[in-house]
Amino acid sequence: MKVAIVHYWLVTMRGGEKVLETLCKMYPEADIYTNVYNPKRISDIIKKHHIFTTKVNNYPFAKKLYQKYMPFMPNALMDLDLTSYDLVISSESGPAKGVVPSPFAFHACYCHTPMRYIWDMYHEYFRNSKHIVKFFMKKMIPTLRLWDTTSSNLVDHFIANSHYVAARIKRYYNRDSDVVFPPCDIEKYLVVERNPSDFYVFFGQLVGYKRADLAIEACIKSNKKLVVIGEGKSKQAQKYSKTGLITFTGRISDDEIKNYLSKAKALIFPGIEDFGIIPVEANAAGFPVIAYRDGGALDSIKENVTGLFFDEQTVDSLISGINTFENRESEFTNRDAFTKHVKQFSEEVFIKKMKQILSEKNRL
């Protein structure tokens, strides 16, 4: 069986690329197709495969401006000749599923998320864009939406990474899907020994939808210490730092992350994520999570066992969640319960479920 894996772009190693690594382990002889490829930023596991790119990879500064070339990707994907493959797996978050396989091939789409910037988060991206970008968004987004829904018909079966994403697939593509949680590297966190101190942690890129601002402002208002771990810049970082309560680390090593997970009281997770690998890794370290009650966190956190939820994306609601946690902190010390919960997110479980679904659906 010849297998092709189509991934939206390969320019860094994040959650989607970690899933791709596992797909590579499942199908070590598979070929990989992508829009843009930067081998300097990609793992050896992926680079062992034959990697082919669309014509977008040759555009000026494509490795940095790849998202700006989004309107050109549908045609570029349709130019790919995949007619010799029996199984096509598209890894979808940006354009990937719009390839045209052989009529006799089976096309499964593992969907991390329907493209946020053209659907439910369009207005947020539009508000935060420059005038020239807004001009082109108005012109191009309607066409991209039409292509996105139409290309969903080229998929034989959808697999979602959470129930939240499954609902969005149903909403935008009117397609049912199975849910298979993404593989998380839980083993390296199971060995972390907990010795909680007096601070909280926010972990993630400093981009709008992750709501670092909410965690920061809630901790300042309630006089709690917070360590902010992740790439990006906060416009008000200097002002926040002057309070003596907020520390920005930037990007740090895995060992430094483990050190913070061993000492912090809990992870604050105030954004809406499609799944949320970070809470799973935190739980694997026996580290409780205080999360907003929405998105993939509803799958990745077990309420009252590995974390708590707050109900509104407001400072006061988050403070209430922090206070509730501190009143019940002793309830979140059962390491065995944390370990039992995170086992369902292992790479082994992911591979087993994916193979089962692909085998069953491909025979229909």
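Modeller: Let's start with a cut-off: a residue counts as buried when its relative accessible area is under 20%, as exposed when that area is over 50%, and as partly exposed in between. This is a predicted model, so please read every answer below as a statement about a prediction.

Biologist: Happy to! Is Arg-168 buried or exposed?

Modeller: The relative accessibility of Arg-168 is 5%. The limit for the lowest class is under 20%, so Arg-168 counts as buried.

Biologist: And how many salt bridges does a search of the whole structure find?

Modeller: Arg-168 takes part in one with Asp-120, and in one with Asp-274. Lys-188 and Asp-254 make another. Over the whole structure, the number of salt bridges found is 20.

Biologist: How far apart are the closest N and O atoms of Asp-120 and Arg-168?

Modeller: The two residues form a salt bridge, with a closest N to O distance of 2.4 Å. This pair links distant parts of the chain: Arg-168 belongs to helix H7 (residues 163–173), while Asp-120 sits in the loop between strand S5 (106–111) and helix H5 (122–127). They are 48 residues apart. To return to your question, the closest N and O atoms are separated by 2.4 Å.

Biologist: What class of exposure does Asp-120 have?

Modeller: Asp-120 has a relative accessible area of 37%. That value falls between the limits of 20% and 50%, so Asp-120 is partly exposed.

Biologist: How many residues apart in sequence are the parts that Arg-168 and Asp-274 tie together?

Modeller: The side chains of Arg-168 and Asp-274 meet in a salt bridge of 3.6 Å, N to O. Arg-168 lies in helix H7, and Asp-274 in the loop between strand S11 (267–269) and helix H12 (277–284), so the parts tied together are apart in sequence by 106 residues.

Biologist: Is Asp-274 buried or exposed?

Modeller: Its relative accessible area is 9%. With the limit at under 20%, Asp-274 is buried.

Biologist: Which helix holds Asp-254, the partner of Lys-188?

Modeller: The side chains of Lys-188 and Asp-254 meet in a salt bridge, 3.1 Å from N to O. Lys-188 lies in helix H8 (residues 187–190), and the pair ties together parts that are 66 residues apart in sequence. The helix with Asp-254 (residues 254–263) is H11.

Biologist: What relative accessible area does Asp-254 have?

Modeller: Lys-188 is partly exposed at 25%. Asp-254 is partly exposed too, and its relative accessible area is 40%.

Biologist: Which residues do salt bridges that share partners join into one network?

Modeller: Arg-168 pairs with Asp-120, and also with Asp-274. Arg-116 belongs to the network as well. The residues joined are therefore Arg-116, Asp-120, Arg-168 and Asp-274.

Biologist: On to empty space, then. How many charged residues does the lining of the second largest pocket have?

Modeller: This pocket has about 220 Å³ of space. Its lining includes Arg-116, Asp-120, Glu-124, Arg-211 and Asp-274, along with Met-121, Tyr-164 and others. By class there are four nonpolar residues and two polar ones, and the number of charged residues is five.

Biologist: How much space lies in the largest cavity?

Modeller: The structure holds three cavities of 30 Å³ or more. Phe-202, Phe-203, Gly-204, Lys-210, Phe-269, Pro-270, Gly-271 and Glu-273 line the largest cavity, giving four nonpolar, two polar and two charged residues. Its space is about 50 Å³.

Biologist: Which residues make the nonpolar surface patch of about 220 Å²?

Modeller: One member, Met-78, lies in helix H4 (residues 73–78) and is partly exposed at 40%. The patch is made by Met-78, Val-100 and Leu-154.

Biologist: A backbone one to finish. What value is phi of Asn-304 near?

Modeller: Asn-174, in the loop between H7 and strand S7 (177–179), is exposed at 56% and has a positive phi near 55°. Asn-304 lies in the loop between helix H13 (297–300) and strand S13 (307–310), and is partly exposed at 39%. Phi of Asn-304 is also positive, in a residue other than glycine, and is near 70°.

Methods:
Residues are numbered from 1 along each chain as its sequence is written. This is a predicted model: local features need pLDDT of at least 70, side-chain atom pairs count only at pLDDT 80 or more; totals for chains, interfaces and linings use all residues. Side-chain values use heavy atoms; hydrogens and water are left out. On a 1 Å grid over the protein atoms alone, a cavity is a set of points where a 1.4 Å probe fits but cannot get out, and a pocket is an open set with protein on both sides within 12 Å along at least five of seven lines; lining residues have an atom within 4 Å of a point. Grid points are joined across faces, edges and corners, and a volume is the space filled by probe spheres set on the points. Ala, Val, Leu, Ile, Met, Phe, Trp, Tyr, Cys and Pro count as nonpolar, Asp, Glu, Lys and Arg as charged, and the others, Gly among them, as polar. A salt bridge is a side-chain nitrogen of Lys or Arg within 4 Å of a carboxyl oxygen of Asp or Glu. Helices (H or I, at least four residues) and strands (E, at least two) are DSSP runs, numbered from the N terminus. Buried means under 20% relative accessible area, exposed over 50%, partly exposed in between (1.4 Å probe, protein chains only). Patches are made of residues with over 30% relative accessible area and no salt bridge: like charges are joined within 9 Å, nonpolar side chains (Val, Leu, Ile, Met, Phe, Trp, Tyr) within 5 Å. Accessible areas come from the Shrake-Rupley method with a 1.4 Å probe; for residues, only the protein chains shown count as cover.
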